[in-house]
Amino acid sequence: MVTSVPRLVIAAPSSGSGKTTVATGLMAAFAARGLAVSAHKVGPDYIDPGYHALATGRVGRNLDAYLCGPQLVAPLFLHGAQGCDLAVVEGVMGLYDGAAGEGELASTAQVAKLLRAPVVLVVDASSQSRSVAALVHGFASWDPEVRVGGVILNKVGSDRHEALLREALDAAGVPVLGALRRAAQVDTPSRHLGLVPVAERRAAAVEAVAAMAAQVVEGCDLDALMALARSAGALSGAAWEAAEAVASSTHDRPTRSARRRAPTVAVAGGEAFTFSYAEHAELLAAAGADVVTFDPLRDQELPEGTAGLVVGGGFPEVYAAELSANEPLRKAIAELALSGAPVAAECAGLLYLCRELDGLPMCAVLDATARMSERLTLGYRDAVAVGDSVLAVAGTRMRGHEFHRTVVEPGAGAAPAWGLRAPVRRVEGFVQQGVHASYLHTHWASEPGVARRFVERCGTS
């Protein structure tokens with residue numbers, strides 16, 4: 001199958017150049033024109049896709065060549081972009097920055113090549129004029145397989161400044177597709193793990209996205225950008241589908257009776273647990289589950305008939321007092337875990353299952369304590385399942401990502417969840433009864449058998 005979806009990759013020379021402002025503004029501006037816009041984010045980031053979803057009215061999705069493998073980038077893109085008029089892909093870090101020590105792997109440049117998509121380079125022009133031409137020329141010529149189709153100048157100081165920048169770029173042969181003035185109203189607040197998620201500031205986030213769109217409409221040539229998007233090469237191959245992925249997964253094929261059941265899988269949401277890849281819920285549903293979201297800050301009971309629990313990432317440390325105060329739900333989760341029901345917890349979910357977090361009582365499913373730390377733990381990880389669990393059989397290899405400023409003591413249980421190879425060899429996480437809890441964020445599209453195995457074990461405890 002050959003598919004052609006108009007698409008742009010929004011990249012930059014470095015972090016902090018304004019990729020999120022431009023990408024989100026473009027998404028909202030084109031959506032306001034009546035186009036169906038598909039939003040994507042390169043890398044493992046969970047927060048930017050929330051702003052993308054506000055801009056487009058569609059689920060924001062990630063494209064991560066490290067977590068899922070390069071072979072899944074185009075199929076996952078086509079899955080998210082089905083039925084859309086335009087796709088906008090926000091890059092990560094600098095255009096050519098990828099997984100440490102892995103060359104171009106997981107870089108924006110690699111994703112652009114895999115998608116055969118033109119790149120729009122967002123340049124922070126606040127402290128330069130003629131030098132911008134050398135910068136853009138370097139990025140445009142570094143890899144001949146990466147097509148830099150235009151530049152958007154960000155943080156331009158004045159009309160005179162813009163004229164100098166445009167004059168310099170004329171010689172570089174890369175068209176200027178927009179120039180944005182400095183605008184404080186489009187700034188979004190940050191804290192220890194990046195931007196504050198949409199779920200925590202929805203009204204303010206709506207205003208910020210509207211301001212981004214207004215700035216882009218005023219400063220960018222949308223028609224030229226759309227024409228560039230339409231120049232993207234055709235993609236061959238089929239879109240990823242959750243049902244097909246689950247059906248074709250080879251490990252732990254469920255029995256016929258398990259396939260007929262529709263157990264309820266409760267997925268934590270709300271302000272405290274905002275980190276989730278859309279494909280996880282899609283895979284759980286494709287594996288036969290009835291997926292129901294609940295809010296641990298407000299709901300005092302698990303959804304009726306809960307047979308399995310998924311608690312992803314987020315910011316429980318910010319809401320520790322409120323989570324602790326919801327004692328009825330904490331007890332319900334502890335009782336569910338004690339029954340042997342499948343429980344999958346990542347990062348924030350791991351903290352929530354601990355005995356306490358920063359001295360406040362949590363669910364006490366795990367005999368461990370958690371606390372905030374000054375040290376940032378960040379990076380991709382190669383992992384192997386140490387033993388059998390509700391997610392994987394021993395020896396299953398997956399790739400994941402760590403991103404936290406907390407410490408859990410001890411860092412691993414008697415039965416660890418994963419063995420990690422880098423940056424140092426170690427074991428981490430906890431497997432006990434039906435519980436699999438770990439700091440590692442994984443993308444289940446890379447191993448659909450995880451969802452199949454989890455759902456099979458729901459209702460069998």
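**Close-up 1. The neighbours of R330 in this predicted model.** Leaving out residues up to four places away in sequence, R330 touches L323, S324, Y352, P361, M362 and C363. Its home is helix α13, which covers residues 327-338. Now for the charge: R330 is buried, yet it has no salt bridge. The nearest side chain of opposite charge belongs to E327, and that one is 4.5 Å away. A salt bridge would need a side-chain nitrogen of Lys or Arg within 4 Å of a carboxyl oxygen of Asp or Glu, so this pair doesn't make the cut.

**Close-up 2. A cis peptide bond between E409 and P410.** Most peptide bonds are trans. Here, though, E409 and P410 are joined by a cis one, with omega at about 0°. P410 sits in the loop that links β19 (397-409) to β20 (418-420).

**Close-up 3. M93, a residue with positive phi.** Most residues other than glycine have a negative phi. M93 isn't a glycine, but its phi is positive all the same, near 50°. Look for M93 in the loop between β5 (86-90) and α4 (108-115). Is M93 buried or exposed? Neither, quite: M93 is partly exposed, and its relative accessible area comes to 35%.

**Close-up 4. Q433, in the loop between β22 and β23.** The strands on either side of this loop are β22 (430-432) and β23 (435-438). Q433 is another non-glycine residue with a positive phi, near 50°. As for the surface, Q433 is exposed, with a relative accessible area of 57%.

Technical notes. Residues numbered from 1 in each chain as written. Predicted model: local features only at pLDDT ≥ 70, side-chain atom pairs only at ≥ 80, totals over all residues. Heavy atoms only, no water. Helix = DSSP H or I, 4+ residues; strand = E, 2+ residues; numbered from the N terminus. Buried < 20%, exposed > 50% of the residue type's maximum accessible area, 1.4 Å probe, protein only. Lys, Arg positive; Asp, Glu negative; His and termini not counted. Contact = heavy atoms within 4.5 Å.
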